[in-house]
Amino acid sequence: INAPEAWDLESAAQNDVIVAVIDTGVLPTHSDLSGNLVAGFDFINSSATLTDTNGHGTHVSGTIAAVSHNNIGISGVSKSNNIKVMPLRKNFSTSQSVAAIHFAKNNNAKVINASWGSYGTNSQFDDIALYNAIRDFPGIFVEAAGNASFNHNDGLDAHKDFPSAFKLTSSYGPGLTNIVVVSATDQ
């Protein structure tokens, strides 16, 4: 992941950079995360009390911001521990996705992590409201490419994963430049 090169870009002046993780929630008592959490919201239960229904949100949050150098568990990718996670739990509907993006924007998140999506131009996330919310987010929207090894730009609508396909020009408008699409790789 070129972590050493990214670490060279980190600065002590970047205090408490907030990354909103829109996912299944987070385990707020997790020993590697509790020190790096900021107030989030559970859109399923309309509550500021957070839980994680299956561990995915906690896993993603740990990759981003697990406390480093504490001899517990793992370390997140940030070298300086200046990343804070804003957990936003949703049911993966478009309306809750849009609400979570607005919450992140209104509460000073600089980055949104969205490790979810669905394929095809008629997918639940192929939606003008979601396109507009991502377009209007003033920071970086980090989106998963999906798990099917498709080329999103091969011209086949069935291979487009939304919302990452909003990086491409579509009937909604120009490709969104604030989206960073991340895919998995191996050695």
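Ile179 sits at 1% relative accessibility and so counts as buried (buried is under 20% relative accessible area, exposed is over 50%, and partly exposed is in between, using a 1.4 Å probe and protein chains only). This residue belongs to strand β8; helices (H or I, at least four residues) and strands (E, at least two) are DSSP runs, numbered from the N terminus. Ile179 and Leu130 are 49 residues apart in sequence, with 13 Å between their C-alpha atoms.

A quick word on the ground rules. The model is predicted, so local features need pLDDT of at least 70 and side-chain atom pairs count only at pLDDT 80 or more, while totals for chains, interfaces and linings use all residues. Residue numbers run from 1 along each chain as its sequence is written, and side-chain values use heavy atoms, with hydrogens and water left out.

**The largest pocket**

Strand β8 (179-182) also turns up in the pocket story, as one of the elements that each supply at least two residues of the lining of the largest pocket. The others are α1 (3-9), β1 (17-23), α2 (56-65), β4 (111-114) and β6. Which element gives the largest share of the lining? That would be α2, with five residues.

The space in this pocket comes to about 1,300 Å³. There are 33 lining residues, and the ones closest to the pocket centre are Thr63, Ile64, Val77, Asn113 and Val142. For the record, a pocket here is an open set of points on a 1 Å grid over the protein atoms alone, where a 1.4 Å probe fits, with protein on both sides within 12 Å along at least five of seven lines; lining residues have an atom within 4 Å of a point. Grid points are joined across faces, edges and corners, and the volume is the space filled by probe spheres set on the points.

Chemically, the lining splits into 19 nonpolar, twelve polar and two charged residues. In that count, Ala, Val, Leu, Ile, Met, Phe, Trp, Tyr, Cys and Pro are nonpolar, Asp, Glu, Lys and Arg are charged, and the others, Gly among them, are polar.

Helix α2 is also home to His56, which is partly exposed because its relative accessibility is 32%. His56 and Val26 are 30 residues apart in sequence but 8.2 Å apart in space, C-alpha to C-alpha.

**Salt bridges**

Side chains of opposite charge can pair when their charged atoms come close. How many salt bridges does a search of the whole structure find? It finds two, where a salt bridge is a side-chain nitrogen of Lys or Arg within 4 Å of a carboxyl oxygen of Asp or Glu.

One joins Arg89 and Asp42, with the closest N and O atoms 2.8 Å apart. This pair links distant parts of the chain, 47 residues apart: Arg89 is in strand β3 (residues 83-89) and Asp42 in strand β2. Both Arg89 and Asp42 are buried.

The other brings together the side chains of Arg135 and Asp136, at 2.9 Å from N to O. Here Arg135 is partly exposed because its relative accessible area is 42%, and Asp136, at 37%, is partly exposed too.

**Surface and backbone**

Ile140, Val180 and Val182 make a nonpolar surface patch of about 210 Å². Patch members have over 30% relative accessible area and no salt bridge; like charges are joined within 9 Å, and nonpolar side chains (Val, Leu, Ile, Met, Phe, Trp, Tyr) within 5 Å. The areas come from the Shrake-Rupley method with a 1.4 Å probe, and for residues only the protein chains shown count as cover. Ile140 lies in strand β6 (residues 140-144) and is partly exposed, since its relative accessibility is 36%.

Two asparagines have a positive phi although neither is a glycine:

| Residue | Phi | Loop | Relative accessible area |
|---|---|---|---|
| Asn71 | about 55° | between α2 and β3 | 83%, exposed |
| Asn108 | near 70° | between α3 (94-106) and β4 | 54%, exposed |

The peptide bond from Phe162 to Pro163 is cis, with omega near 15°. Pro163 sits in the loop between β7 (161-162) and β8.

Finally, Ala39 is in the loop between β1 and β2 (41-42). Is Ala39 buried or exposed? Exposed, because its relative accessible area is 62%. Ala39 and Gly175 are 136 residues apart in sequence, and their C-alpha atoms are 31 Å apart.
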